[in-house]
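Here is a friendly walk through one model, with a few contacts and surface features picked out along the way. Please keep the viewer open as you read.

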Amino acid sequence: MGGESTTRTAPRSGSTGMAQAGGSRVGQRLSGLAVALGLVLFLGGFGWGALVYRPYTVPTSSMTPTIDIGDRVLAQRVDGGDVKRGDVVVFRDKNWVANANVVKRVVAVGGDTVSCCTDGKLTVNGKQIDEPYLPKGSLAEIKNFPTVTVPKGRLFLLGDERQGSLDSTAHLTDAARGTVSRDAVSARVDTVVWPMKGMLKRPTGFQTLGALSQPGPIKTIKILIVAGAVLVLAGGAYGPIAKRLGRSRARSGAEPAGAR
């Protein structure tokens with residue numbers, strides 16, 4: 001009738017339908033694997049962090065500018081025997097504050113002699129200590145105190161804000177002469193997480209007296225969490241993206257209706 005015919009385009013291979021349904025089988029499997037691996041890394045990072053670190057809010061300004069009042073920090077759970085000079089630690093001592101955690105910097109350990117000051121600098125075992133973490137323009141000599149020999153198994157601690165910190169120098173008349181037992185330490189501060197100031201700078205001024213503590217695994221934990229989040233998002237996005245691309249290709253590849 002009239003000699004005209006309408007040519008219908010037959011469906012192409014099943015791959016197009018598969019793409020419209022959310023990508024190839026290989027792609028779907030890989031995306032599922034990425035989501036599963038991402039969840040393992042993400043949750044594993046958080047779990048590891050919960051086991052290794054404890055969060056604290058610092059209630060005073062005694063550690064300014066390293067840690068300001070109200071800052072949120074993460075402190076690695078450590079044994080007091082592992083604490084070294086320069087560490088910022090969390091401890092409890094009923095002779096200092098009852099039923100509350102205190103955050104201070106260890107400047108001397110058992111067997112050390114510590115005094116202040118020589119040319120405006122803290123002196124430990126006769127050596128002047130560079131302390132770049134002190135407030136700009138301030139001197140360690142704001143806290144003048146006589147030479148103290150730290151008993152074995154104990155620590156001498158100061159705040160970075162020497163003028164207002166109630167630290168070992170405020171307890172020199174105590175029986176322990178301001179020192180704190182290593183057993184009182186529960187954690188070592190690694191980083192300030194809120195506001196995000198990052199990792200504490202290494203106290204290199206103490207290197208001449210011995211090895212410094214190594215940072216905890218916080219950087220590795222962050223990498224695991226970020227990598228896990230990226231894999232979960234990428235794997236979850238594969239299906240919708242593949243489906244949209246499949247539809248776009250199907251539209252562009254279809255022949256127009258009524259073709260001769």
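Are R188 and D87 buried or exposed? R188 is buried, and D87 is buried as well; here buried means under 20% relative accessible area, exposed means over 50%, and partly exposed is in between, with a 1.4 Å probe and protein chains only.

Before going further, a word on the ground rules. This is a predicted model, in which local features need pLDDT of at least 70 and side-chain atom pairs count only at pLDDT 80 or more, while totals for chains, interfaces and linings use all residues. Residues are numbered from 1 along each chain as its sequence is written, and side-chain values use heavy atoms, with hydrogens and water left out.

**Salt bridges**

Side chains of opposite charge can pair when their charged atoms come close. A search of the whole structure turns up seven salt bridges, each being a side-chain nitrogen of Lys or Arg within 4 Å of a carboxyl oxygen of Asp or Glu. Three of the pairs are listed here, with their N to O distances.

| Pair | N to O distance | Separation in sequence |
|---|---|---|
| K197 and D68 | 2.8 Å | 129 residues |
| K197 and D71 | 2.8 Å | 126 residues |
| R188 and D87 | 3.7 Å | 101 residues |

The side chains of R188 and D87 meet in a salt bridge. This pair links distant parts of the chain, with R188 in strand β11 and D87 in the loop between β2 and β3 (88-91). Salt bridges with shared partners also join D68, D71 and K197 into one network.

In that network, the side chain of K197 meets that of D68. K197 sits in the loop between β11 and β12 and D68 in the loop between β1 and β2, so the pair ties together parts of the chain that are 129 residues apart in sequence. K197 also meets D71 in a salt bridge, and D71 belongs to the loop between β1 and β2. How exposed are these residues? K197 is partly exposed at 35% relative accessible area, D68 is partly exposed at 28%, and D71 is buried at 3%.

**Strand pairing**

Helices (H or I, at least four residues) and strands (E, at least two) are DSSP runs, numbered from the N terminus, and two strands pair if DSSP finds at least two bridges between them. Strand β2 (residues 72-77) pairs in the antiparallel sense with β1 (residues 53-57) over five bridges, and R72 in β2 is the bridge partner of T57. Strand β2 also pairs in the antiparallel sense with β11 (residues 185-194), over six bridges; there, V189 in β11 is the bridge partner of A75.

**Surface patches**

Patches are made of residues with over 30% relative accessible area and no salt bridge; like charges are joined within 9 Å, and nonpolar side chains (Val, Leu, Ile, Met, Phe, Trp, Tyr) within 5 Å. Accessible areas come from the Shrake-Rupley method with a 1.4 Å probe, and for residues only the protein chains shown count as cover.

What do V26, L30 and L33 form on the surface? They make up a nonpolar patch with about 310 Å² of accessible area together. L33 lies in helix α2 (residues 25-52) and is exposed at 55% relative accessible area.

A patch of positive charge gathers K243, R244, R247 and R251 on the surface. Lys and Arg count as positive and Asp and Glu as negative, with His and the chain ends not counted; the place of a charge is taken as NZ of Lys, CZ of Arg, CG of Asp or CD of Glu. K243 is in helix α3 (residues 218-253) and is partly exposed at 34% relative accessibility.
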